[in-house]
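Trainee: I would like a close look at the side-chain contacts in this model and at the places where they sit. Please take it slowly and explain each term as it comes up.

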Amino acid sequence: MPFDLEESAVISEENNLMSHGSSFLVTPSGKAYVIYQRDSSQLIESGDILTIEMRVVSFPIDEWRNSDKYKRMTILKAGETVGDLTLSGHCPSDPVMQLVGDRIACVMVAGENGRTGYVVRYLNTKDDSLSDHVERCDISYNTGTGSKTVPLDNIGIAECYRDLGYGEAEQLDMATMGKRFIEYEGYYYNVLSGWCCPQSRPIVIRTRDLVHYELAFDCPEFTYGSVEGAMEIFNGEFYIQ
């Protein structure tokens, strides 16, 4: 079906100069949520540009043409303190949303004290209110001699890769998730792959609560350069791209 510009709407603010990294979710009740990065001061998307903020727009999906129904809010921005988290050094980026009951877990990358990792802030779909705290994510895996848990950030993931014997661990800048979670047998699955790394081997991770993750399995060695992965599960088989 051809794309009809007359049957489209711009949901970001008119003063946006840059929008990037969006994710889209529609609840069973027909309410739509779009999360994305925005910047009204410059055109470039980069983690070290601290004027970039994470925004969410909500609206009834059957009234998407009516901008008066749009509700916009900032989820996170650099320099902001939410609970005990103060963002610094890296703008919020790479968002993924997952509906859990009446809440949307907004999973995204953020900077804190020289580390860059995944955090979660919750959005209540009943009134679009935001949680007053941010959860820091972690990942557990088996080292061969026991279980180990590290932060799901650039330093922790590099440590995980090193423990797993991945040669690219020392070159890892950050690892990013695919743009959606897949619910399967009581877990939410996603693929995590190295970013800005000459050789990037994806790993499949899973979680029950979107905060605490575990290594489900690693993938064969990937020798074709850096990758931002995606995955699907069909008939019990995992497909990794």
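Mentor: Let us begin with Ser58 and Asp128, whose side chains are joined by a polar contact of 2.7 Å; a polar contact is a pair of N or O atoms within 3.5 Å, where within protein one atom must be able to donate a hydrogen and the other to accept it, and where residues adjacent in sequence count only if both atoms are side-chain atoms. The model is a predicted one, in which local features need pLDDT of at least 70 and side-chain atom pairs count only at pLDDT 80 or more, while totals for chains, interfaces and linings use all residues. Residues are numbered from 1 along each chain as its sequence is written, and side-chain values use heavy atoms, with hydrogens and water left out.

Ser58 belongs to strand E3, residues 53-60; strands (E, at least two residues) and helices (H or I, at least four) are DSSP runs numbered from the N terminus. The relative accessible area of Ser58 is 2%, so this residue is buried, a word that stands for under 20%, with exposed for over 50% and partly exposed for what lies in between, using a 1.4 Å probe and protein chains only.

A second aspartate, Asp153, makes a contact of its own. Asp153 is placed in the loop between strand E13 (147-151) and helix H1, and its relative accessible area of 7% makes it buried. At the start of H1, a side-chain oxygen of Asp153 comes to within 3.2 Å of the backbone nitrogen of Ile155. The helix itself covers residues 154-163, and its buried residues are Asn154, Gly156, Ile157, Ala158, Cys160 and Tyr161. An α-helix has 3.6 residues a turn, so residues three or four places apart point the same way. After H1 comes Gly165, which has a positive phi near 85°.

Asp153 also leads us to a pocket, the second largest, with a volume of about 180 Å³. Asp153 is among the residues closest to the centre of this pocket, together with Glu112, Arg115, Gly117 and Arg136, out of 14 that line it. A pocket is found on a 1 Å grid over the protein atoms alone, as an open set of points with protein on both sides within 12 Å along at least five of seven lines, and its lining residues have an atom within 4 Å of a point. Grid points are joined across faces, edges and corners, and the volume is the space filled by probe spheres set on the points. Strand E8 (103-112) and strand E9 (115-124) are the elements that each give two or more residues to this lining, and E9 gives the most, with five. By type, the lining holds seven nonpolar, three polar and four charged residues, where Ala, Val, Leu, Ile, Met, Phe, Trp, Tyr, Cys and Pro count as nonpolar, Asp, Glu, Lys and Arg as charged, and the others, Gly among them, as polar.

Now to the aromatic rings. The whole structure has six aromatic pairs, and in one of them the ring centres of Tyr187 and Tyr189 are 6.1 Å apart with their planes at 65°, so this pair is edge-to-face. Rings of Phe, Tyr and Trp (its six-membered ring) pair if their centres lie within 6.5 Å, with planes under 30 degrees apart called stacked, over 60 edge-to-face and the rest tilted. Ring pairs also link Tyr187 and Tyr189 with Tyr184, Phe217 and Phe238 into a cluster. Within this cluster, Tyr187 is buried at 13% relative accessibility and Tyr189 is buried at 5%, whereas Tyr184, in strand E15 (residues 182-184), is partly exposed at 22%. The C-alpha atoms of Tyr184 and Gly236 are separated by 8.7 Å, although these residues are 52 apart along the chain.

Tyr187 meets charge as well as other rings. The charged end of Arg206 sits over the ring of Tyr187, 3.9 Å from its centre, and that of Arg208 also sits over this ring, 3.9 Å from the centre; the criterion is that NZ of Lys or CZ of Arg is within 6 Å of the ring centre and within 35 degrees of the ring normal.

Further along the chain, Leu210 lies in the loop between strand E17 (203-207) and strand E18, is buried at 2% relative accessible area, and has a positive phi near 70° without being a glycine.

Key
1 Å grid on protein atoms, 1.4 Å probe; cavity = no way out; pocket = protein on both sides within 12 Å on 5 of 7 lines; lining within 4 Å.
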